[in-house]
2 protein chains.
Amino acid sequence: MKSKDQGKKVVALAGGVGGAKLADGLAQTLNPERLTVIVNTGDDFEHFNLHISPDLDTVCYTLAGKANPITGWGLAGESWNMLEGLGILGGPTWFRLGDRDLATHLERTRRLRQGQTLSQVTRDFCRAWGVTVRVLPMSDQPVRTIVLSAEHDALPFQDYFVRLQCRPRVRGFRFEGIETAQPAPGVLSALHEANCVILCPSNPWVSLDPILAVPGIREALLRRRETDRLPVIAVTPIIRGETIKGPAAKMYTELGIQPSALAVARHYCGLISAFVLDSQDEALQPEIAALGIDTLVEDTIMKTPHDRQRLARKILEFTGILP
Amino acid sequence: MKSKDQGKKVVALAGGVGGAKLADGLAQTLNPERLTVIVNTGDDFEHFNLHISPDLDTVCYTLAGKANPITGWGLAGESWNMLEGLGILGGPTWFRLGDRDLATHLERTRRLRQGQTLSQVTRDFCRAWGVTVRVLPMSDQPVRTIVLSAEHDALPFQDYFVRLQCRPRVRGFRFEGIETAQPAPGVLSALHEANCVILCPSNPWVSLDPILAVPGIREALLRRRETDRLPVIAVTPIIRGETIKGPAAKMYTELGIQPSALAVARHYCGLISAFVLDSQDEALQPEIAALGIDTLVEDTIMKTPHDRQRLARKILEFTGILP
């Protein structure tokens, strides 16, 4: 029995695979005009002179039902003939550019060079792919996440993440261009109209912090929290000290913080009103509650589309968006 | 019984499909160090900010045994998943970018942007593809063939050739950048050392004229003709007033010249010492001979790899390169 809510509006902040899954659960549960997904663009980069937006693509492909169900990123039924040819020529193959995926990068880059903004391109692509919820890049200006590491000094994010497979020890992060970035059109008004903001289970350091660091976004959230008691709820990306995917737990450790749902709750302390921790971490509930944060203990692992919907519904019920 | 010649050197000037086939026949017949193929780059263009060299690719793919045997251009066993995705996004699909072919364009463009020259990239690609004969672009500087037409004024060649499918009526041609272009490294020395130069059955107006128009190339041929009686032999791309492929015959007609092997021989008159016309055009032989041009009447249609070799061998025997 699936009831769709007609009124209250939700904003989700999302990075890559984990964020995309919860965003998809929300999209399956709410009428499309009620949901806005604001996506990290800090790990965007240029490769072969193509503008690649990995998180935007993961979110859009997932919402379109086109995502590779095994990897979570890339497209289902992808072929790799370009990459094979590139290997024969001795070109750089560390970033896995699929044939179908290339259409996205080529056409996005062509349109950006024509003067369109990233949000315009994203809106048009969503329309072409049948994505009905609103997906916004956090900013139309380039922001580039730089990983500061012991071994490599300053690493562009994709070099750290894909080429070096997260091996370098992290010392910190820098978001290049963040000072002059502005929230993309629609971002601030979505936050202003939201009845609930959900921080998806994405990497706090390199997926959600870049979004929150765009001048005006964190401020808007804090203002709405203060004036309207806006529910802002974060979903843990860490379960039993580990991440389902990605280097968040490794990053906490290298930064001298024990990775846990508690560490994530502390990360967002002051910003969030509520926190979803996994049932396996129930023992941490009192410590999180002691931070003045409401808690929801739930199964947060999303293996199936049904898991996504179930978790989304629990969160929406907990925050009063759904009855 | 296949004998390979050990000494005399051959230079072939080639455009796309027809030129590539004869170049392949020559490559199958001569030791690789004896053959240099100089390729038209006048129809190079930028598409999706990629540097695309259609004739260079057709020649190299053919020499590598990777060409699509049906179309003559593109790669055998190609897939079109990028193009399908591009169509969904409403991007420009008029130029058929295959998935495997894209590796060539992406990696070439990447290397050119790093500062490598087109001839360096071509040499490296040939090595990777196992092409052992030397393939040289006519120039490392950009030359762009512009089709002057009644309906569209000045059209970049690929717009005329692919997008508008040769429909506009041709009034003339312009080779943009030709004044400042230089023969690519190795071109003039190859012409200097050649014992025979073959103008492949390519479009005289838009495949071979651009090569001959690069400052220094025609002059080198004329000088060698005068001082050493260098054999320069052209192979007709027109049979019974028609072309196997491409718009050469249509161009002759639109320029007010009746398309025929004779028209092609006249086109090159003063430059060539000999001309290969098709057996079907034997009746034209006396008129071509009357121009002071030696003639070889042969079956020039190359349907099979064996046809290519047979024609190559006949030409090499006729010019005294093979006994």
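Me: How many strands form the open sheet in chain B, and in what order do they come?
Reply: A sheet is read by listing its strands in order and noting how they pair. In this predicted model, 3 strands of chain B form an open sheet in the order β7-β6-β8, and the pairing is antiparallel.

Me: Which strands stand at the edges?
Reply: Look for strands that have a single partner. In chain B these are β7 (153-156) and β8 (170-176), so one side of each has no neighbour in the sheet. Neighbouring strands are turned by 30° against each other on average, with direction ignored.

Me: How many bridges join β6 to β7 in chain B?
Reply: Pairing is followed bridge by bridge along two strands. Strand β6 of chain B, residues 144-149, is joined to β7(B) by 4 bridges, and the two run antiparallel. For a position to find in the structure, take B:Ser149, which stands opposite B:Asp153 in β7(B).

Me: Which helix lies across β6 and β8 of chain B?
Reply: A helix on a sheet is described by the strands under it and by an angle. Here it is α8 of chain B, residues 204-213, running at about 35° to β8(B).

Me: How many residues of chain A are in contact with chain B?
Reply: An interface is read by counting residues on each side, then asking where they come from. 23 residues of chain A are in contact with 23 residues of chain B. On the chain A side, α3 (81-88), α4 (99-113) and α5 (118-129) each supply at least two residues. The largest share, 10 residues, comes from α4(A).

Me: What is that side of chain A made of, by class?
Reply: The side of chain A that touches chain B has 10 nonpolar, 8 polar and 5 charged residues.

Definitions and conventions. Residues numbered from 1 in each chain as written. Chains lettered and ligands numbered in written order. Predicted model: local features only at pLDDT ≥ 70, side-chain atom pairs only at ≥ 80, totals over all residues. Pairing = 2+ DSSP bridges. Axes fitted to C-alpha atoms, helices over the stretch in contact; angles between N-to-C directions. Contact = placed C-beta atoms within 7 Å. Nonpolar A, V, L, I, M, F, W, Y, C, P; charged D, E, K, R; others polar.
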